[in-house]
Amino acid sequence: MSTLLELRSLNRTYHLGHATVPALCGINLDIRRGEMLAVCGASGSGKSTLLNMIGLIDRPDEGSLRFDGDDTSMLSDHALTVCRNRKIGFVFQAFNLVPVFSALENVMLPLTIQGVPEVEARQRAGDWLGRVGIAKFAHHLPDRMSGGQRQRVAIARALVTQPMLVIADEPTANLDSANSEMILDMLWQLSEDSHVTCVFATHDQRLLVRARRHVLMKDGQIIDDMENHV
Amino acid sequence: MNSVATLMELRHTMLFAARNLKRNARRSVVTLMSIAFGFTALALFAGYTMDVYMGLRNQAVYGELLGHLTISRPDMAQEGYLHPEKYLLDADNIRKIEEVIRQISPEAKFAPRLAVSGMISNGKISTIFLAEGVAPTDMRALRGRFANASGTLDPDKPTGITVSRGLASLLGLKEGDNVSLLGSTVRGQVNAIDEEIVDTFDTGNAATNDKMIFMPLTQARALYDAEGRADRLTVMLPDAAQTDAITARIVTALNAQGLQMDVKPWYELSVFYRQVKGMLNMIFAFLFTIVLVTSTMALTNVISMNVVERTREIGTLRALGMQRGSIIRLFLTEVVIMVVSGCFIGLLLTLLLGWGINATNISYVPPNSTAAVPLTIGFDPSLMIVISLVLSVFGALAAWLPTHRAMHQPIIDALGHV
C-alpha cells in the first residue's frame, strides 16, 4: 500500500495566556492508504491535536506534513479547504450536524459545497443513508434523532464524497454501548468495503481491537506504534 | 464558477439563511419588526413631506404666480426698488425674450409682470398694499388648472382687482366696492387710480394676507407710469420636469442675443418653499439617522448573538470544506432577508396607515398660515427604495464585522467552542 500521509518532525505548541503547552513534539508518522489506524492515549496526550493536523484543520509550528503527495505547508487556506472537502471526511464526537438541516440535507452538505447538482447530491446522500441504515429518517431533523442515529448521519456525511481519509475523534464517546457497537461495526465495515483510510482517536477498547494499527501517545509524543492482527 | 453553480449556491444559501432565521424565530421577528416600524415611520414621514412639497410647489407656481421660470435684469430684486428706471424691461426687451422662449418652447405660456406698492384707501381709512400687475388672460393661463380659483382677475373688467382677504377685512371691502390706490411713478411722482374689487382670495400666508393685491397689468403700468414696461417675465412650461434644462437653454440663447438676464426657476424664488423643504429634509435626515442607528444596532446584536451561538457550526462548516466567503455570505444573506422582509412589512404598514390617515381627513394650521390644510400622506416609491437599500447596506456592514471576526478564528477553536 502506498503512503497517504507523511508526518515529519511535527511540532505544535499552544499558547494559553503566558503559558506555552507543547501539544505535539517531533511526531514522525506514515499512514498508508486503506489503513485503519487508532490513536490512543490518556487525555491531554495529543491525540486530538494529531488528528487536527492530519485532518488539515490545524497547522504545525514546525515540521512537514505531506498529504496525497502534496506538502500542505505550501497550500493556501482556500486550497486546504478544498482539500478537506474533496479528500477528507470528519466524524466528530458531538456529531456536529447542522441543526436546521434534515438528515438527508446534512449528508448532502459536503456535496453541495462541492457544487454537485442537487438531484445527484440528493441521490448519493440517500444511498449513503440507506447504507448506514437510517433511510427512513432522511427527513428528520437531528434533534428528532437518537445519538446513534445522529452519528450514523455523521458517518454518511463523512463518506458521501468518497474521501481518501476519514478522521473520527472519539466517535463513540457520546454513545451507549449498543450504539457504540453498531457504529464500530459500521466504521470497520465501511473501511473494509471502500478501502478508505480511517484514523480515529479513542479510549474505547472495543474500537481499539478492530484497528489494524495502534499509535500510542503520551505527552505529545508517539511512544508506541504497533500492528494489530485483527 | 458557472452561472448554474452560482444560482445553486445562491439558492442553497437562501434556504440555509431562512432556516437559521426560523431557528431563532422570536429574535428574528423582533428585529424584523423593528426594521418594519422604522421603515414605516420614515416612509410615512417621506410621504407626508412629499405632499407638503407638492402643495407648496403648487402654491408657489400657481398661487404666487411664480410660474416655472422668471426672467429679469440681473440684480433686479436687490436694486430695482431704488432704481426702477434702470432695471425695468422695455417693450423691445420683452419682444426679444418672448421670441427666444417661443423658439425654445413653443408651447410655453409667457406673461410680463409688474410689481407695485403703495397705499390703498376705501375713502375713509388707508393701509399699505403690495400688488402684482399681470394681464387677466395671462393670469388665467399661468394658473392653469387652478384658473377658476379665487383671486383670478376678470378679463372683462379692465379696472377690476382682487384683494387678499386679510386686506379686505381690514378695510371692510367686498366684491363690487371701489378703492383708490396711491403710489409713486417710476420717476418718483405721486399717482393714484381708482379700481373696483372683483374678488377676494387667501394668500395662505399670514405675512401677506393683509396687503396682497392682483391687478391688471395695464392698471399697474398706469399707476407706475411705465407704459409697455415690466419688471420681469414669468414663463410656464408645458412640462415642469424640463425647468432646469430649459433654463440653461434660455440663458444661452439670451446671451447670444446680447441680453444679460437672470433666469431663475420657481424653487429659487420661493423662499418659503426652500425654507420649509430645508427644515423638513433636516427632520427627515434626523429621523433617518435614528432609525438607521437603531436598526443597525439591532442587526449587529442579532448577528453577533447568532455568530457566537453558531461558532461550533461555523467550525464544522469550515472543516467540511465551506470557504470563509461562503459563510460570510450566509450571514449577510440572513441580514438581507431580515431587512427586505422588514421593509416589505413596513411597506404594507405604510399603505395601511397612510390610507387610514388620509381617510380620517385630519387638518391642521401650519406655522404662519392663514387657514387649515389637510394632513395627507403621499407615496414616494423612489425614496422607499433608497431607504431599503441604505438599511440593507448598513445591515450588511453590521453583519460583516462579527462574522469576519468569527471567520478568522482557528477552526479547532471554533469546533471546541461551547
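pLDDT is the predictor's confidence in each residue, on a scale from 0 to 100. That score is a handy place to start, since what you have here is a predicted model. In chain A, confidence peaks in α2(A), with a mean of 95, and α2(A) also turns up as the top contributor to the side of chain A that touches chain B.

**Confidence**
- Chain A has an average pLDDT of 89, and 99% of its residues score at least 70.
- Helix α7 of chain A, residues 205–208, is where chain A's confidence is lowest, at a mean of 76.
- As a rule of thumb, predicted coordinates shouldn't be read in detail where pLDDT is low.

**Where chain A meets chain B**
- On the chain A side, 19 residues are in contact with 17 residues of chain B.
- Two helices of chain A, α2 (77–87) and α3 (103–114), each supply at least two residues of the side that touches chain B.
- Of these, α2(A) gives the most, with 5 residues.
- Sorted by class, that side of chain A holds 9 nonpolar, 7 polar and 3 charged residues.

**The sheet in chain A**
- Chain A has an open sheet of 4 strands, running in the order β2-β1-β4-β5 with antiparallel pairing.
- At the edges sit β2 (19–32) and β5 (70–71) of chain A, each pairing on one side only.
- Strand β1 of chain A (residues 3–16) runs antiparallel to β2(A), and 10 bridges join the two.
- To find your way around β2(A), look for Pro22(A), which stands opposite Thr13(A).
- In general, it's backbone hydrogen bonds that pair the strands of a sheet, whether parallel or antiparallel.

Conventions
Residues numbered from 1 in each chain as written. Chains lettered and ligands numbered in written order. Predicted model: local features only at pLDDT ≥ 70, side-chain atom pairs only at ≥ 80, totals over all residues. Contact = placed C-beta atoms within 7 Å. Nonpolar A, V, L, I, M, F, W, Y, C, P; charged D, E, K, R; others polar. Pairing = 2+ DSSP bridges.
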